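Hi everyone, thanks for coming. I'd like to walk you through one model today, ligand by ligand, so please have the viewer open.

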Amino acid sequence: MASEFIPSVCPHDCPSACALEVERLDDHTIGRIRGAKENDYTQGVICAKVARYAERVHHPERLTRPLKRVGKRGEGGFQPIGWEEALDEVAGNFKRVAERYGPEAVWPYYYAGTMGQLQRDGINRLRHIMGYSRQQKTICTELAYSGWNAGVGRSWGSDPREMADSDLIIIWGCNAVATQVNVMTRVSQARRARGARLVVVDPCRTATAEKADLHLMPRPGTDGALASAVMQVLLEEGYADREYLQHYTDFSDEMERHLAGCTPEWAEEITAVPADQIRAFARLYGTTPRSFIRLGIGFSRSRNGAHNVHAVSCLPAVTGAWQHRGGGALLGSSDLFRLDKRLIEGLDAHDPATRVLDMSRIGPILCGDEAALAGGGPVMALLIQNTNPMAVAPDLGAVHRGFAREDLFVCVHEQFLTETARMADIVLPATTFLEHDDLYQSYGQVHLQVGCRVIAPPGECRSNHQLICDLARRLGAEHEGFEMSAEAVIDASLQASGYPGLEQMKEQRWLDCSRSFREMHFLDGFGWPDGRFRFSPDWVGLGPLGEEMPAKPGHWAVIDAADEEHPFRLITPPARNFLNTTFSETSTSRDKEGCPRLQIHPDDAKVLGIGARDQVRLGNRRGEVRLEAWLTPAVLPGVVSVEGIWPGDAFPGGQGINLLTSSERGAPNGGALFHDTAVWVCSEDREQDEKMRDPSGICRDSILTPDF
Ligand SMILES: Nc1nc2c(c(=O)[nH]1)N[C@H]1C(S)=C(S)[C@@H](COP(=O)(O)OP(=O)(O)OC[C@H]3O[C@@H](n4cnc5c(=O)[nH]c(N)nc54)[C@H](O)[C@@H]3O)O[C@H]1N2
Ligand SMILES: Nc1nc2c(c(=O)[nH]1)N[C@H]1C(S)=C(S)[C@@H](COP(=O)(O)OP(=O)(O)OC[C@H]3O[C@@H](n4cnc5c(=O)[nH]c(N)nc54)[C@H](O)[C@@H]3O)O[C@H]1N2
Ligand code: SF4
Ligand SMILES: [Mo]
């Protein structure tokens, strides 16, 4: 068979949702993957890790047969078994647990390893029909979306393609070079066509910040103060659009008086961004109507993250930048699609009385923490698809203790023997997006797309949809969605949503779901009943922790601040060559990333006696990890950064970075806190020297760093 390029869609948890073309060499083999040129968001540009996907899909370590644990949990002993036996075992255990402890003791647990609507969310159909515990999806977007919706009231914003028409692009708390290449394509276009300027707001001098005309470096978790000071300048120096404020927002004299106190000098104290720089940025922003803020989810991962995101979302409401093409702001685009998910998720069987467990608290949940269990009994069985909590969940020590329970039954459906799969009683081999059918929306662009099977599944791999249907049959779960092929569910869901059916979608490849300029820019009103943007959000209405939140933008000082014992603030952002933990199994990505590294400012390293590439220890009350030091002025003094969610075995101590992150719930409605951790740092060599340590195990020398 001659090679040909087959249309597809990147399924990974990335805002870009690139339209792909996959070279099929034969029914079992792919060659290169390239971006679709005709798609006006992808424009032929994709990231390197997906361009070399053949390495992942044809990896010798792909799981191809069901496995059953032999020996003790976590020791890694497995033997191949047949699918029938494996399914009997899983269904038998779910029945046993449900009979003995009630159905809520079974917890189907998933996230966005694939973003395909069916293969990702179909697990909820089984959950709802069986009455298994529900899951609050807090690990990624909760804080950011709460913060955005608080003001705007709807999860969309200016069309990302408009960035090419901007005169000023502000990338706020997002390393787009690594996490959303297509934003950078737009930046280049706007620069070429209009001489547009780029401002990046990030505590680190990332590859994205390197490209900026102006880089503001706030301390992590202080963006609310920075944005409020920008508003102060805009209001004081006459850059606010008073008519817009009056017509489109709840802005009041009281708000103006409050913001008048948020001077750049006040913000400099909190953020470390020089007051002059804040003024210069505010003036640039205030004098550029076509100013587009691309908010990243990155800066929301703090205790005050939602509050900070809201403060940033206030800026275009002050200047009225929303009124202009190439102006406004964007955080996510999910509300554009309005898919009817009844069939996929079994929403008709959904019982709101069933308990909801916060996925980011899987550690405390599995360890039996009463509050985390939401007033119910223990979780005794897990069905896991599309996620790797043994590496990605916060408070990893608790996660590991929980998974080690001998009385817990764990089934993991995976493409690789991840750290989570290694803890399973039954491991089931999963297809990749190249081997199954799905429907894709996006959280960073506007196209609805379908991607169909390109090659045959290797070995005995089954898709998520097929597994859910197979289990449903054994558990006696009844729903029409379990009787239909993936293609039929996709087709019916498309039609129920008022979209063209599957055949037509295959032909046209994607559907542009953006709305009119007026709607995307909220010129007929924002998403609240009165149509007004809210400078004063109803935080209480947005979640149970809303009561604690300040009513107005500013600095909400609830972060895990540095103290004498923990003088550094740790952030743990994505690595360019991984996608969460995906691609940490391919050698090209691993080689490019090298090893887990602690980025630390040379001045801090000097005080601690740490040299380049020294082994260092990093810790807090939750534990400690060991890794290599990388001395770089790319981080602020007092801030340390570890990029990428490396597997535990990449660290000399055997445990990953999330050992240090907290599973507390961010306000108003939960949300994980990956960039909000106070830590101590010390050199590994010094550890040997008992004199350097006090009885609490804290390195004395770390206390010598400048206070922060
Ligand atoms: N320290 C720290 N921790 C973090 C973050 C951070 O920035 N710092 N980021 C957080 C964020 S934003 C997120 S979204 C989470 C993501 O964490 P995860 O959800 O674990 O991330 P992924 O690596 O995208 O996907 C997990 C698994 O899905 C599997 N998978 C992919 N497609 C399929 C499929 O079709 N079927 C099945 N059965 N499996 C499939 C992959 O093989 C992969 O092992 O991590 C969070 N954890
Ligand atoms: N290559 C690659 N791409 C990915 C991922 C990956 O792991 N690797 N993960 C995917 C996933 S799941 C997601 S959710 C998206 C996220 O992608 P985006 O929404 O684009 O956000 P990130 O790039 O994660 O944001 C990380 C940046 O935020 C900065 N940051 C951290 N704390 C603060 C703060 O307090 N203030 C400010 N201003 N900046 C801060 C970090 O220094 C870092 O540069 O990316 C997706 N794309
Ligand atoms: S990971 Fe993101 S940038 Fe890379 S191909 Fe997929 S959607 Fe595009
Ligand atoms: Mo994410």
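Let me start with residue classes: Ala, Val, Leu, Ile, Met, Phe, Trp, Tyr, Cys and Pro count as nonpolar, Asp, Glu, Lys and Arg as charged, and the others, Gly among them, as polar. With that scheme, the shell around ligand 1 divides into eight nonpolar, 16 polar and four charged residues.

Some housekeeping before we go on. This is a predicted model, where local features need pLDDT of at least 70 and side-chain atom pairs count only at pLDDT 80 or more, while totals for chains, interfaces and linings use all residues. Residues are numbered from 1 along each chain as its sequence is written, chains are lettered from A and ligands numbered from 1 in the order in which they are written, and side-chain values use heavy atoms, with hydrogens and water left out.

Back to ligand 1. It is surrounded by 28 residues (a residue is near a molecule or strand if one of its heavy atoms lies within 4 Å of it), and the closest are His 413, Glu 414, Asn 464, Thr 582 and Asn 658. For polar contacts, I mean pairs of N or O atoms within 3.5 Å; within protein, one must be able to donate a hydrogen and the other to accept it, and residues adjacent in sequence count only if both atoms are side-chain atoms. A backbone N or O atom of Val 392 sits 2.9 Å from a nitrogen atom of ligand 1, and a backbone N or O atom of His 413 also lies 2.9 Å from a nitrogen atom of the ligand. From its side chain, Thr 582 brings an N or O atom to 2.7 Å from an oxygen atom of ligand 1. Taken alone, ligand 1 exposes 920 Å², and the protein buries 97% of that; these areas come from the Shrake-Rupley method with a 1.4 Å probe, and for residues only the protein chains shown count as cover.

Where does ligand 1 lie with respect to domain 2 and domain 4? It lies between them, because domain 2 (67-136 + 343-439 + 449-484) and domain 4 (568-702) both give residues to its shell. Those bounds come from an automatic or database domain assignment, which also gives domain 1 (4-57) and domain 3 (143-334 + 519-548). The centres of domain 2 and domain 3, taken over C-alpha atoms, are 38 Å apart.

On to ligand 2. Here 34 residues form the surroundings, and Asp 202, Gly 221, Asp 223, Ile 297 and Phe 578 are the closest. By class, that shell has 18 nonpolar, 10 polar and six charged residues. A polar side-chain atom of Asp 223 lies 2.8 Å from a nitrogen atom of ligand 2, whereas the side chain of Gln 180 has an N or O atom 3.1 Å from an oxygen atom of the ligand. The side chain of Lys 49 places an N or O atom 3.4 Å from a nitrogen atom of ligand 2. On its own, ligand 2 has 910 Å² of accessible area, and the protein covers 98% of it.

Last stop, ligand 3. How many charged residues are in its shell? There are none: the shell has nine nonpolar residues and one polar. Among the residues around ligand 3 are Cys 10, Cys 14, Cys 18 and Cys 47, along with Val 181 and Leu 579.

That's my tour, and I'm happy to take questions.
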